[in-house]
Amino acid sequence: MTAATSEERLLELTPTIEYVYGRVLELENLKYGWKPVKETSDCTVHSRPSKDFEGFIFKSDGLIPAPPEVVFDLVAPGAGKPGRGRWDTSVHSSEVIEQLSTDIDIRLTRTLPVFMSLISAREFVDVVKVTREDDRIFTACVSIEHPDYGAKSSKGIRGTCYPNGLFCYRVQGYVVVNHSHRHVVPSVYLREEAHSGLQRTNRNPRDNS
C-alpha cells in the first residue's frame with residue numbers, strides 16, 4: 001500500500017482539525033465555572049469538571065514580559081527553535097514530524113517518567129493548527145493516529161491529548177498566556193493527558209472538556 005502524501009493526510013484530517021479548532025475557541029471563551037486550584041507569583045491554575053469524561057479539565061494563565069512570537073517559539077517545536085524539552089522538565093523532546101501546510105503540522109512529543117516512575121514516560125502524536133492574528137497567536141491541538149507511529153511505542157506509553165490550545169495575547173507590551181481574570185485580556189492554555197481512564201496534569205496542564 002502506497003503511503004499517503006501530506007496533501008492526502010491533510011484532506012483526511014480536515015474534519016478533525018476543524019472540530020478541534022472550534023472546540024478550543026469554545027473552551028477559551030468559557031468564562032464561568034472555573035475554580036482556582038493553585039496560584040504562584042507567576043501563574044494561576046484553574047479546574048472544572050469535564051462534560052466528556054469523569055475527571056477535570058485544567059487551565060493556567062500568566063503574564064510574561066515578552067512579545068508573543070518569542071513566547072510562542074519557546075513552546076512550539078521546529079527548526080531553529082530552542083525546543084520544549086530545554087525548559088519543560090516534564091518533556092523529553094518535541095518535534096515536528098510532518099508539515100501538512102504552512103499553519104498545520106503533526107508533532108511528536110515524548111515526556112519523562114515522574115514520581116519515581118509511578119507515571120511512565122509517554123509519547124504523543126498530535127495534529128496542531130497555528131493561527132496568527134494581530135493581537136494573538138494560538139494553537140488548536142489533538143492526538144491522532146499516524147502510520148509511522150503505531151499504538152505501541154518503544155519509548156513509553158502512547159498518550160492521548162484531548163482538544164487543547166495555547167493562547168498568547170499581546171497586552172501593553174506583555175503576553176497574557178492562558179486565561180486570566182476580567183481585568184486582563186483573556187487567553188487560555190487547556191490541556192490534559194489521559195491513559196486508560198487516568199487523567200492528570202503536567203507543568204503545563206493538558207486539556208479535555
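## A hairpin of two strands

In this predicted model, strands S1 and S2 form a hairpin, with three residues between them. S1 covers residues 35-39, while S2 covers residues 43-49. The two strands run antiparallel and are joined by four bridges. One place to look is Glu-39, which stands opposite Thr-44 in S2.

Is S1 covered or in the open? Of its five residues, the number buried is zero, so S1 lies largely in the open. Thr-44 in strand S2 gives another picture: this residue is buried, with a relative accessible area of 7%. What does Thr-44 touch, leaving aside residues up to four places away in sequence? Its contacts are Pro-36, Lys-38, Glu-39, Lys-59, Ser-60 and Asp-61.

## Strand S6 and its partners

Next, find strand S6, residues 122-132. This strand is mostly covered, as ten of its eleven residues are buried. In a regular strand, side chains alternate between the two faces of the sheet.

Which strands pair with S6? Strand S5 does so in the antiparallel sense, over seven bridges, and here Thr-109 has Phe-124 in S6 as its bridge partner. Strand S7, residues 136-143, also runs antiparallel to S6 and is joined to it by seven bridges. Within that pairing, Thr-131 is matched with Phe-138 in S7. A hairpin joins S6 to S7 through three residues.

Strand S8, residues 157-158, pairs with S6 in the parallel sense, over two bridges. In this pairing, Glu-123 has Arg-158 in S8 as its bridge partner. Keep these two residues in mind for the section on charged pairs.

## Charged pairs

Side chains of opposite charge can pair when their charged atoms come close. How many salt bridges does the model hold? The count comes to eight.

Let us start with Arg-9 and Glu-98, whose side chains meet in a salt bridge at 2.8 Å, N to O. This pair links distant parts of the chain: Arg-9 is in helix H1 (residues 6-28) and Glu-98 is in strand S4 (residues 91-99), 89 residues apart. Are these two buried or exposed? Arg-9 counts as buried because its relative accessibility is 9%, and Glu-98 counts as buried at 10%.

Another salt bridge forms between Asp-103 and Lys-129, with the closest N and O atoms 3.0 Å apart. Asp-103 sits in the loop between S4 and strand S5 (104-111), whereas Lys-129 belongs to strand S6, and the two are 26 residues apart. At 26% relative accessibility, Asp-103 counts as partly exposed. Lys-129, at 17%, counts as buried.

## A small network

Arg-110 and Glu-123 also meet through their side chains, in a salt bridge of 2.7 Å, N to O. Arg-110 lies in strand S5 and Glu-123 in strand S6, so the pair ties together parts that are 13 residues apart in sequence. Arg-110 is buried at 17% relative accessibility, and Glu-123 is buried with a relative accessible area of 3%.

Which residues make up the network of salt bridges here? Arg-110, Glu-123 and Arg-158 are linked in it. Glu-123 and Arg-158 are also the bridge partners that turned up where S6 pairs with S8.

## Cysteines without a disulfide

A disulfide is a covalent bond between the sulfur atoms of two cysteines. How many disulfides does the structure hold? The number is zero. Cys-141, for example, is in no disulfide, and the nearest cysteine sulfur, that of Cys-161, is 5.6 Å away. A disulfide needs the sulfur atoms within 2.5 Å, so that distance of 5.6 Å does not qualify.

Where do the cysteines sit, buried or exposed? Cys-141 is buried, with a relative accessible area of 4%. Cys-168 also counts as buried, at 0% relative accessibility.

## How far to trust the model

The protein chain has a mean pLDDT of 75, and 74% of its residues reach 70 or more. Over residues 179-209, however, the pLDDT is below 50. Beyond near neighbours in sequence, this stretch has 130 contacts in the model. Where pLDDT is low, the predicted coordinates should not be read in detail.

Conventions:
Residues are numbered from 1 along each chain as its sequence is written. This is a predicted model: local features need pLDDT of at least 70, side-chain atom pairs count only at pLDDT 80 or more; totals for chains, interfaces and linings use all residues. Side-chain values use heavy atoms; hydrogens and water are left out. Buried means under 20% relative accessible area, exposed over 50%, partly exposed in between (1.4 Å probe, protein chains only). pLDDT is the predictor's confidence in each residue, from 0 to 100. Contact means heavy atoms within 4.5 Å. A salt bridge is a side-chain nitrogen of Lys or Arg within 4 Å of a carboxyl oxygen of Asp or Glu. Two strands pair if DSSP finds at least two bridges between them.
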